[in-house]
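Me: Please take a close look at one part of this model, the place where neighbouring strands meet, and then set that part in its wider surroundings. I would like one connected account, with a word on how far the coordinates can be trusted.

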Amino acid sequence: MIHRNLLMYRGARYLWWSLGLIVSSCVLYFTQGDAQPPNGGTWQGYVLGTIGALLIAWLTMLGIRKRSYSSTLGTVQGWTSAHVYLGSTLVVIATLHSGVQVGWNLHTLTYVLMWVVILSGFFGLYTYMSYPQRIAKNREGGARAELFAELFELDRDARSVASRCAPDIAIAVDSAIERTTLGGGIYAQLFSRDDSYFIRGEGKPIRNPDQQALIDFVGSRLPRAAKGAEAANLQQLIVLLCRRQAVLRRIRRDIRLYGWLRIWLYFHVPVTIALLVALVLHIISTFFYW
Amino acid sequence: MDALLRELREGPDGIPEYYDTEITSKELTIGSASDRNIQLLGRGIAAEHAVIVRAGGQLTLECRRGELVLLNGKKRATARLKLGDVIELGGHRLRIAPPPPGFDVAIELQANELVDASAFEGAFRTDLSQTWLGKRTMAWTGVALVMLFGLLLPMLVMKLHHAGKQTPSWLLGDEFWSTGPLHQVHQQAIGERCETCHQKLFQRVQDSACEQCHRTTHDHIMPARLALTELGPTPRCATCHREHNVPQTFLVNRSDGQCVDCHGDPEDGFGQIKLDRVLGFGLARHPEFKPHLLASTTVRVGSGFGYEWKTVVAELDKAKERSNLKFSHQQHMDPDRVLRRGDSQPMNCADCHRLEADGEHFTPIRMQDQCSQCHELTFDPASPDRQLPHGKPREVVLTLQDYFTRKFSDPNMGRVAPRERRRIPGQQREEENCTGAPFDCAMRAARKEIETQFTRRGCVGCHGVIDTRSANIIDRFQVIPIRFVRDYFPANRFDHRSHQIQGKLTGDEACLSCHAAKKSQDSADLMIPGIAKCTECHADKAAAERVTVQCVSCHDYHPREPGLLQTMSSSISTWLDGPETKTRPGGELAGS
C-alpha cells in the first residue's frame with residue numbers, strides 16, 4: 001500500500017521531525033513576550049519567517065526531485081513523506097510568523113495562497129489514500145479502454161438489433177447512442193452530469209439520464225410486440241441496452257473518481273508557483289518599506 | 001435551416017439502407033461530441049470540428065481553429081459548398097445532395113465502418129486535461145495577478161505619489177505592501193500616503209520623517225550631554241515606536257530591554273556621565289531612589305542677607321527634609337492632642353494634603369490654606385478679630401505699633417484695655433502702670449508684644465527666627481523662610497491616585513502604609529519610601545501577587561522639560577528679603 005508507506009515511511013520519521021519543528025517554533029513564538037504584539041517584525045518573527053520561506057523552497061523541490069529519475073538524493077517516497085509532514089508544519093510556522101495579524105495586503109495574500117496549496121495537498125493526500133482502490137474496484141481490474149471497447153461493441157450490436165425492429169425503435173436507439181454523453185467539462189466529469197437524450201417519434205429529444213428513459217420506451221413496446229421475431233428482437237435489444245447502461249455507469253464512475261484523484265494538482269501546482277512569486281514579493285516589500 | 005441527413009448503411013442482409021434524419025437548426029454542427037448535429041467518431045475528429053452555415057442560399061463550411069477537412073480531396077479550413085461536393089473527415093464521407101422539397105440542404109453520410117473502440121473513446125472528454133483547466137495557464141494567471149497587485153501597481157502608485165500626483169482611492173497601490181494598520185492618529189493624518197514615512201526604498205524610516213510633525217518632542221539625551229559620552233546617536237524613533245501593528249492602538253514597545261541595553265552597563269560608553277546600573281525593577285536590579293531636596297543657605301545680599309535655595313540630590317537613607325518648618329506629624333495625627341476645628345474629629349492626611357488633578361502632585365501647603373483654620377494669628381484677646389499679617393515680618397511690627405498707638409490714644413477706650421489673661425501675682429501689666437505719654441506707652445507695649453510674637457509664641461511656633469539684637473525693632477527679627485519640595489522625583493511619575501486603595505487599605509491607612517507620618521516628630525524626617533516598599537507589590541516580570549512595572553511606567557524616555565537635568569544641577573535662587581533690608585547677617589536663633 002503506497003499511502004501507508006508514504007505516511008509510515010521509516011517509522012514515520014518525518015512525523016517526529018515535524019512535531020519537533022512545531023514545538024520549537026511554539027517555544028520561539030512565546031519568547032516574544034508582551035512588550036509588543038507578536039508578528040513577523042520581532043527577531044523571533046524573522047526567524048520563523050526564514051524557516052517558513054526555506055521550507056516552502058524545499059517543498060517545491062519535490063516537483064524537481066520526482067522528475068529526476070537518476071537522482072540518488074534519497075528516495076522519492078522518502079521525499080514525499082517529508083513533503084507531507086513538513087508541509088503540514090508550515091501551517092503552524094507561518095501562522096506563528098504572522099502572529100495572526102491579517103489584512104488586505106500582499107502578506108496575507110501570501111498566507112492565503114499557502115493555505116490553498118496546503119489544503120489542496122491534504123485533499124490530494126486523502127484521494128491518493130482512498131481513490132486508487134475505489135477506481136480499481138470499479139474497473140474490476142481492467143483498464144478504462146476495455147470498458148470503452150465493451151461499450152463500442154454494445155453500441156454496434158444495439159444498432160444492429162434495433163435496425164431489425166420497428167423504425168421508431170431504430171431511431172430511438174440510434175439517437176440515444178449518438179446522444180449519449182460521457183465526461184465533458186470539469187463539472188460534468190467531477191459530478192457525472194448526464195446530458196443524454198434520445199428521439200422518440202416526431203417530437204423533441206427526450207432527456208435520457210442513465211439511459212433509463214430509452215430502456216423504459218423499448219420495454220413498453222414489448223407487450224404489444226406482434227410477431228414472435230419482433231418480441232425476440234426487442235428482448236435482445238433490452239438485454240443489450242441494460243448491459244450498456246451498466247457499462248456507462250461504470251465509465252462515468254471511473255471518470256468521476258479519476259477526476260477527483262487529479263483535480264487537486266490543478267490547484268496545488270499552479271498556486272505553488274503563484275505562492276513562490278508572492279513569497280519573494282512579500283520578503284522584498286518588507287524591506288522596500290522597512 | 002431545415003436539413004435532411006441521409007445515412008447510408010449496410011443492412012443486416014447486406015442490402016444498403018437509408019436512415020433519414022431531419023435537422024432543424026441555425027447551423028449544422030459536425031464533430032465527435034454527442035451534442036453535434038452530425039456526430040462522427042474517429043481519429044482526427046475534434047469534439048467541435050466544423051459547422052455548415054447557410055447564408056443567402058449559399059452553404060459555407062467553416063472549420064474550428066486548427067481543424068481541417070478534405071473537400072473533394074483537398075485540405076480546407078473554410079470553403080463554399082456546392083451540390084456534389086464531398087467532405088471527408090476521419091474516413092467518413094459527407095456528400096452535398098440536391099435537397100428534396102421542403103428542405104434547404106440534403107447531406108448523404110457514408111460512415112467509416114472501420115472506426116474502432118479506441119477512436120470511439122477519443123470522442124469523449126474523459127480527462128481533466130481535456131478541459132480548460134491547465135496547470136500552466138493557471139500558474140501563469142496566478143503569477144501575473146500576483147505580480148500586478150504585488151509589484152507593478154504598488155510601484156506605479158508609489159512613483160505617482162513621489163511625483164506629487166493623486167491617485168484614485170479605489171486603486172490598490174503601495175498600501176498593498178502594508179503589513180498592518182497604522183495607529184489611528186497616524187491613519188488619520190497620513191492615510192495611504194506611504195511615502196510620508198517610507199521616503200526611500202530599502203531605507204528604514206528616518207527620524208526626520210517623524211519630526212516633520214513631532215517637532216516638540218525632546219530627545220532622550222540632550223546633544224550637549226550626549227557629546228560627553230561615546231554612546232553615538234540615540235536610537236531611531238522606530239526602535240520603540242512600532243507601527244503597522246494589531247491592535248491598532250499599539251504604538252510603543254514598552255519592554256525594558258531597550259533601556260537596559262544601555263543602562264545595564266553604565267561603564268560602557270557613558271564617559272563623563274556617571275549613572276547607576278539598572279537591570280530592571282527589583283531590589284538588586286534597580287538603584288535606591290535618590291530624592292531631590294531643597295536646601296537653603298544664607299547669603300550676603302548687598303548690605304543685608306538672604307536665602308538661596310538649591311536642589312540637592314541625596315541618598316535616601318541620609319536624606320533630611322530642610323524646609324525650615326517646625327512641625328510634628330505625630331502630634332497633629334494624635335487625637336488626644338489635636339482635633340479638627342468644627343467637627344472635632346481626628347485629623348486626616350487629606351485635611352492638609354490635597355491631591356492635584358494630575359493625580360501625582362499635591363497642592364502646596366500654605367499658611368492660609370492649610371494652617372490658618374486652627375492657627376490664628378491673633379495677638380490681643382481683647383480684639384479677637386485682629387490678626388497679624390502672615391509672611392511679612394515688617395508688617396507685623398508696624399501692625400502692632402499701629403494697634404497699640406491707637407489703643408493708647410483712644411480717649412473712649414479708657415486708659416487701659418482690660419486683659420482677660422490672668423495676671424501673674426505680684427506682677428503688674430505694663431499697660432496698666434504706664435503713666436507716660438500715650439505714644440511712649442504704646443511703643444513700649446508694642447515692643448513687648450513684638451518680642452513675644454517673635455520669640456515666645458506666635459511666629460516662633462512654626463518658624464525659625466533670628467534675633468539680630470538690632471536696636472531698631474523693625475530690623476531686629478529675621479524669620480527664616482519655609483519652602484517645600486514640590487516633587488521629590490521631578491523626572492519620574494508616580495500616580496498617587498491609583499495607590500489610594502491598596503488591597504484592603506484605603507484613606508489614611510493607604511497613605512500611612514508608605515509614609516510613616518504617625519512616627520514623625522520632626523519636620524526633617526523625609527517620609528519617602530524606598531524601593532523595598534515598592535517591590536512589596538511590584539516587579540518587572542509577571543509573577544504571582546506582583547504588579548508588573550516597566551521602566552516607562554515611572555520614567556519618561558522623552559524628557560518633559562529639555563533642561564531638567566541642567567536645572568537640577570544649577571541652583572534656584574530666590575531672594576526672600578528685599579535689598580532694602582539693612583540688618584547685618586548673623587544674630588542668634590530666637591526661642592531656641
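**Strand 12 of chain B and its surroundings**

Reply: L8(B) has Q110(B), a residue of strand 12 of chain B, as its bridge partner. This pairing, like everything that follows, is read from a predicted model. The bridge belongs to a longer run of pairing, in which strand 1 of chain B, residues 2–10, lies parallel to strand 12 of chain B, residues 105–110, and is joined to it by six bridges. Strand 12 of chain B also pairs with strand 11 of chain B, residues 92–97, but here the two run antiparallel and five bridges link them. Within strand 12 of chain B, L109(B) is the residue that faces L94(B). When following such pairs along a strand, it helps to recall that side chains in a regular strand alternate between the two faces of the sheet.

In the wider chain, the domain assignment places residues 2–130 of chain B in domain 1, while domain 2 is put together from the segments 266–328, 348–369, 458–513 and 522–592. The centres of these two domains of chain B, taken over C-alpha atoms, are 108 Å apart.

As for confidence, chain B has an average pLDDT of 85, and 91% of its residues reach at least 70. Two stretches of chain B call for more caution: residues 415–421 have pLDDT below 50, with 11 contacts in the model beyond near neighbours in sequence, and residues 568–585 stay under 50, with 33 contacts beyond four places in sequence. Where pLDDT is low, the predicted coordinates should not be read in detail. For the model, the scores are ipTM 0.88 and pTM 0.76.

Chain B also touches chain A, and the contact involves 44 residues of chain B and 48 residues of chain A. On the chain A side, two or more residues each come from helices 5, 6, 7, 8, 10 and 11 of chain A. Helix 11 of chain A supplies the largest share of that side, 13 residues. Sorted by class, the side of chain A that touches chain B holds 24 nonpolar, 19 polar and five charged residues.

Helix 11 of chain A, residues 265–288, has 24 residues and spans 34 Å from first C-alpha to last, close to the 34 Å expected at 1.5 Å a residue. Of the 24 residues in helix 11 of chain A, 17 are buried, and the helix is mostly covered.

How values were computed. Residues numbered from 1 in each chain as written. Chains lettered and ligands numbered in written order. Predicted model: local features only at pLDDT ≥ 70, side-chain atom pairs only at ≥ 80, totals over all residues. Domains from an automatic or database assignment. pLDDT = per-residue confidence, 0-100. Contact = placed C-beta atoms within 7 Å. Helix = DSSP H or I, 4+ residues; strand = E, 2+ residues; numbered from the N terminus. Nonpolar A, V, L, I, M, F, W, Y, C, P; charged D, E, K, R; others polar. Expected span 1.5 Å × (residues − 1). Buried ≥ 20, exposed ≤ 12 C-beta atoms within 10 Å, placed from the backbone. Pairing = 2+ DSSP bridges.
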